[in-house]
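Student: I would like a close look at a single strand of this structure, taken together with its surroundings. Please go through it step by step.

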Amino acid sequence: MKAATGRVGALRRPDAAERRPYLNVRWLGRMEFARSLGLQEEIVAKKRADPSHPDELLLLEHEPVYTIGRTPDQSSLSATGRIRRGELGAAHLPHPLFAINRGGQATYHGPGQLMGYPIIDLRGCGQDLHRYLRWLEQLLIEMLAQYEIAAAQRVSLTGVWIDDRKIASIGVGVRHWITMHGFALNVCGDLSPFNQIVPCGIDNVAMTSMEKETGQPFSVETVAASLEKLALNRIGDLRVADALSAVGA
């Protein structure tokens with residue numbers, strides 16, 4: 001999949017459409033977590049320095065890694081969910097751990113998982129973080145539907161679910177209303193590394209994948225191509241309400 005630049009269709013009011021920036025989508029392949037984090041920070045810095053810099057969506061796979069968000073409670077790093085001496089921290093984990101500037105508890109990223117890092121200026125989207133999170137969830141739900149996988153949101157639980165099984169996790173960070181981090185969609189591959197933690201701090205959660213739900217093989221790059229097309233079509237949904245309200249809709 002090649003890097004892509006797209007402009008969504010015109011809004012109902014031309015002046016609002018003219019204010020809507022591009023979305024650049026890039027497929028980066030397999031990448032170490034630290035490198036992707038540095039790339040996100042670089043793009044955020046560019047957008048802060050130059051508001052005309054386009055919003056971006058980075059799509060990639062990671063080498064095996066655990067991450068945890070901004071929280072003094074690290075009990076989700078424990079396989080039991082209990083604070084026990086010698087089990088907290090990274091010592092018992094089979095892969096590296098990164099503490100990062102996103103919300104949420106511990107999760108795992110690795111091969112077979114599609115990572116999406118939208119770097120979007122929410123000042124053009126109503127400065128509404130909750131609406132942004134729901135947009136991410138709906139984007140993934142609609143993409144899964146293209147593969148005849150019926151997924152949904154769950155009240156008070158961020159992410160995407162199939163009944164009581166979690167297929168996608170979402171955790172975002174925001175700096176000066178510019179987003180980073182994003183979503184992790186389980187496409188295929190080994191889910192056992194989740195057994196070392198309490199995923200997203202939710203007790204007894206069952207993690208699933210597109211492959212596990214359908215019994216069919218999937219390529220992360222192929223799914224990324226589907227997500228790219230949908231994101232280019234749906235980015236306007238994130239901005240429409242704000243653009244229309246700005247002109248008195």
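Tutor: In this predicted model, strand E10 covers residues 165-175, and eight of its 11 residues are buried, so the strand is largely enclosed by the rest of the structure. Its pairing partners are a good place to continue.

Strand E9, residues 157-162, runs antiparallel to E10 and is joined to it by three bridges. One pair can be located by name: valine 160 has alanine 168 of E10 as its bridge partner. E9 and E10 form a hairpin with two residues between the strands, and in this hairpin aspartate 163 takes a positive phi near 60°. Leucine 157 also belongs to E9. Its relative accessibility is 25%, so leucine 157 counts as partly exposed, the cut-off for buried being under 20%. Between leucine 157 and serine 169 there are 9.9 Å from C-alpha to C-alpha, for a separation of 12 residues in sequence.

E11 is joined to E10 by eight bridges, and these two strands run antiparallel. They too form a hairpin with two residues between them, where histidine 176 in the turn has a positive phi of about 50°. Within this pairing, valine 172 has histidine 181 of E11 as its bridge partner.

A further partner of E10 is strand E12, residues 206-207. The sense here is parallel, over two bridges. Lysine 166 is the residue that stands opposite methionine 207 in E12.

Histidine 181 deserves a closer look. This residue is found in E11, which spans residues 178-186. Its relative accessible area is 1%, so histidine 181 counts as buried. Leaving aside neighbours within four places in sequence, histidine 181 is in contact with Gly171, Val172 and Gly173, among others. Val172 is thus named twice, as a contact of histidine 181 and as its bridge partner. The contacts also include Gly116, Tyr117 and Pro118, as well as Ile100, Asn101 and Arg102. Leu37 and Gln40 are in the list as well.

Pro118 leads on to the empty space in the model. Rolling a probe the size of a water molecule over the atoms shows where empty space is left. The structure holds two cavities of 30 Å³ or more. The second largest has a volume of about 40 Å³. Pro118 is one of its lining residues, and Phe183 is another, along with Leu23, Leu57, Ile120, Trp135, Leu136, Leu139 and Ala231. Helix H3, residues 129-145, gives the largest share of this lining, with three residues. By class the lining has nine nonpolar residues, with no polar and no charged ones.

The largest cavity holds about 50 Å³ of space. Its lining includes Asn186, Val187, Cys188, Asp190, Leu191 and Phe194, and also Tyr108, Gly110, Pro111, Gly112 and Gln113. These residues divide into six nonpolar, four polar and one charged.

Tyr108 also has a place in a sheet, where tyrosine 66 stands opposite tyrosine 108 in E6. The sheet is an open one of three strands, in the order E5-E4-E6, and its pairing is mixed. Strand E5, 97-99, and strand E6, 107-109, stand at the edges with a single partner strand each, so one side of each has no neighbour in the sheet. On average, neighbouring strands of this sheet are turned by 30° against each other, direction ignored.

Strand E4, residues 65-68, is joined to E5 by three bridges, and the two run parallel. In this pairing threonine 67 has phenylalanine 98 of E5 as its bridge partner. Three bridges also join E4 to E6, but here the strands run antiparallel. In a regular strand the side chains alternate between the two faces of the sheet. In E4, Val65 and Thr67 point one way, whereas Tyr66 and Ile68 point the other way, and all are buried.

Notes
Residues are numbered from 1 along each chain as its sequence is written. This is a predicted model: local features need pLDDT of at least 70, side-chain atom pairs count only at pLDDT 80 or more; totals for chains, interfaces and linings use all residues. Side-chain values use heavy atoms; hydrogens and water are left out. Helices (H or I, at least four residues) and strands (E, at least two) are DSSP runs, numbered from the N terminus. Buried means under 20% relative accessible area, exposed over 50%, partly exposed in between (1.4 Å probe, protein chains only). Contact means heavy atoms within 4.5 Å. On a 1 Å grid over the protein atoms alone, a cavity is a set of points where a 1.4 Å probe fits but cannot get out, and a pocket is an open set with protein on both sides within 12 Å along at least five of seven lines; lining residues have an atom within 4 Å of a point. Grid points are joined across faces, edges and corners, and a volume is the space filled by probe spheres set on the points. Ala, Val, Leu, Ile, Met, Phe, Trp, Tyr, Cys and Pro count as nonpolar, Asp, Glu, Lys and Arg as charged, and the others, Gly among them, as polar. Two strands pair if DSSP finds at least two bridges between them. Axes are lines fitted to C-alpha atoms, for helices over the stretch in contact, and angles run from 0 to 180 degrees between N-to-C directions.
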